[in-house]
Amino acid sequence: MSSHVHRSLSRRGFLVASAGVAPALALAPVPARASGRQRPFGRYGSPAARLDPRTLYVDPHGRGDHRSVRAAVAATTGSGWTLVLAPGVHRETVAVDRTRTEMTWIGASENPRDVVIVYDNAAGTPKPGGGTHGTHGTTGSATTTVQADGFTARWITFANDWLRADHPEITGTQAVALKVQGDRSAFHHCRFLGHQDTLYADSMALGTFARQYFGHCYAEGDVDFVFGRATAVFERCHFRTLTRTDLAGAPYGFVFAPSTAGANPLGYLVTRSSVSSAAPDGYYKLARPWVPSSDTTARPMLTVRDTRLGPGIDAVAPYANMSDSYPWQAQRFAEYRNTGPGAAITVPADRPQLTPAQARSHTRQTYLGDWRPYA
């Protein structure tokens with residue numbers, strides 16, 4: 001994977017420099033024309049040289065059609081729009097509803113550190129208007145929500161910078177950076193930054209099987225930071241577990257928490273990826289199954305194959321229960337040809353392995369069918 005995706009930005013560093021957020025996020029210089037005039041949209045045109053009528057340009061400094069991503073989304077109707085985002089930090093929440101299908105967002109500099117969409121709601125954050133309005137809940141905490149089918153994003157950072165330490169009064173600490181629910185949703189060279197519940201790869205309804213693809217992406221967090229019921233392929237991605245100062249011992253958290261519907265034959269596939277850690281060795285579990293109260297027939301599915309698991313993963317007991325009523329052994333967890341200290345098999349019963357014949361059906365082609373976002 002490209003080096004700018006692999007190098008993580010610490011969450012504490014992300015926040016400490018909030019007053020000077022551009023340097024903290026390592027924003028690249030804006031490309032310039034030979035004449036010295038700035039080209040905030042790089043090779044993707046501009047409002048004066050629009051690539052096509054359904055392309056809109058977003059720049060927080062006012063050089064585009066809109067200053068915010070939310071305003072640009074609101075200006076679209078129907079299908080097939082492209083938003084080109086100039087380098088900058090967008091502190092806002094954004095939602096793409098089901099009617100805005102086949103939408104594409106492009107980070108114009110082609111470096112995901114340069115275009116950041118970030119907010120700081122948590123599940124327990126009170127909604128605007130006072131106590132009678134309740135709290136946001138996990139879904140409502142999302143900085144960006146995508147419900148439409150056919151969504152694609154390239155070179156963008158989706159972040160939620162809410163911190164437990166700053167809000168000891170809040171017990172609902174889930175804080176989603178991105179919730180994606182649409183079918184054929186693809187993310188290339190994107191970053192997902194948060195702590196608990198960073199990336200919510202889900203579907204619109206229990207009976208809807210949404211296919212999603214994450215290629216050359218980076219995700220970080222601590223508790224269940226990649227979770228949901230989508231059929232999702234993570235290829236050549238880097239997952240990084242964060243250290244914690246609020247806990248005295250292991251485990252600090254879990255990388256994956258799938259909630260695959262029992263009727264869905266395919267859940268999460270992680271392939272040719274890596275898991276690293278900022279925490280002590282063995283302080284993280286690879287996964288635990290999430291069986292929501294709204295779907296007690298769920299059978300969470302996770303296959304991790306051809307992936308390097310660093311020493312942060314507890315190799316002896318890499319899986320745990322979220323509820324003892326739904327033990328992980330009764331779910332669909334499997335591994336194949338993983339490497340690294342976190343992949344060492346010390347108790348075979350606790351590390352279910354695919355056979356070569358079984359592994360042939362756990363590929364991106366099988367999971368995504370006739371949709372080929374990687375082509």
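# Cavity, cores and loops of a predicted model

The lining of the largest cavity is made up of nine nonpolar residues, one polar residue and no charged residue. Nonpolar here covers Ala, Val, Leu, Ile, Met, Phe, Trp, Tyr, Cys and Pro; Asp, Glu, Lys and Arg are charged, and the others, Gly among them, are polar. The model is predicted, so local features need pLDDT of at least 70 and side-chain atom pairs pLDDT 80 or more, while totals for chains, interfaces and linings use all residues. Residues are numbered from 1 along each chain as its sequence is written, and side-chain values use heavy atoms, without hydrogens and water.

## The whole protein

The protein has 375 residues, and 54% of them count as buried (under 20% relative accessible area; exposed is over 50%, partly exposed in between; 1.4 Å probe, protein chains only). Its secondary structure consists of seven helices and 25 strands (DSSP runs of H or I with at least four residues, and of E with at least two, numbered from the N terminus). Among contacts (heavy atoms within 4.5 Å) with a separation of 6 or more, 71% join residues 24 or more positions apart. The accessible surface (Shrake-Rupley, 1.4 Å probe) is about 14900 Å², and carbon and sulfur atoms hold 52% of this area.

## The cavity

How many cavities of 30 Å³ or more does a search of the whole structure find? The search finds one (a set of points on a 1 Å grid where a 1.4 Å probe fits but cannot get out). The largest cavity encloses about 30 Å³ (the space filled by probe spheres set on the points). Its lining residues (an atom within 4 Å of a point) are Phe 192, Leu 199, Phe 214, Cys 217, Tyr 218, Ala 219, Phe 234, Cys 237, His 238 and Phe 239. Two or more of the lining residues come from each of β15 (218–221) and β18 (238–241).

## Nonpolar cores

In soluble globular proteins, nonpolar side chains tend to be buried together. In this model the largest nonpolar core (buried Ala, Val, Leu, Ile, Met, Phe, Trp, Tyr and Cys joined through side-chain atoms within 4.5 Å) has 55 residues. Trp 105, Phe 187, Phe 214 and Phe 239 touch the most other members of this core. Phe 214 and Phe 239 also line the largest cavity.

Phe 187 has contacts with Phe 151, Ala 153, Phe 158, Leu 178, Val 180, Phe 192, Tyr 213, Phe 214, Gly 215 and Cys 217, leaving aside neighbours within four places in sequence. A separate core has 10 residues, including Leu 266, Tyr 367, Leu 368 and Trp 371.

## Unusual backbone geometry

Most residues other than glycine have a negative phi, and most peptide bonds are trans. The bond between Ala 250 and Pro 251 is cis, with omega about -5°. Pro 251 belongs to the loop between β18 and β19 (253–258). Arg 236 has a positive phi of about 55° and is not a glycine. Another residue with a positive phi is Arg 272, at near 50°.

## Loop residues

The table gives the place and accessibility of several loop residues, including the two arginines with positive phi.

| Residue | Loop between | Relative accessible area | Class |
|---|---|---|---|
| Arg 236 | β17 (231–235) and β18 | 34% | partly exposed |
| Arg 272 | β20 (268–271) and β21 (274–277) | 37% | partly exposed |
| Ser 294 | β22 (284–287) and β23 (301–305) | 64% | exposed |
| Pro 280 | β21 and β22 | 36% | partly exposed |
| Ala 279 | β21 and β22 | 10% | buried |
| Ala 175 | β9 (157–160) and β10 (178–180) | 3% | buried |

Ala 279 and Pro 280 each have contacts beyond four places in sequence. Those of Ala 279 are Thr 241, Leu 242, Thr 243, Tyr 252 and Tyr 284, and those of Pro 280 are Thr 243, Tyr 252 and Gly 312. Between C-alpha atoms, Ala 279 is 10.0 Å from Thr 245, at 34 residues' separation in sequence. Pro 280 lies 8.1 Å from Pro 311, C-alpha to C-alpha, and 31 residues away along the sequence.

Which residues does Ala 175 touch, not counting residues up to four places away in sequence? They are Asn 121, Ala 122, Ser 141, Asn 160, Trp 162, Gln 196, Asp 197 and Thr 198. The C-alpha atoms of Ala 175 and Tyr 119 are 9.5 Å apart, with their positions 56 residues apart in sequence as the separation. For Ser 294 and Leu 206, 88 residues apart along the chain, the C-alpha separation is 9.1 Å.

Definitions and conventions. On a 1 Å grid over the protein atoms alone, a cavity is a set of points where a 1.4 Å probe fits but cannot get out, and a pocket is an open set with protein on both sides within 12 Å along at least five of seven lines; lining residues have an atom within 4 Å of a point.
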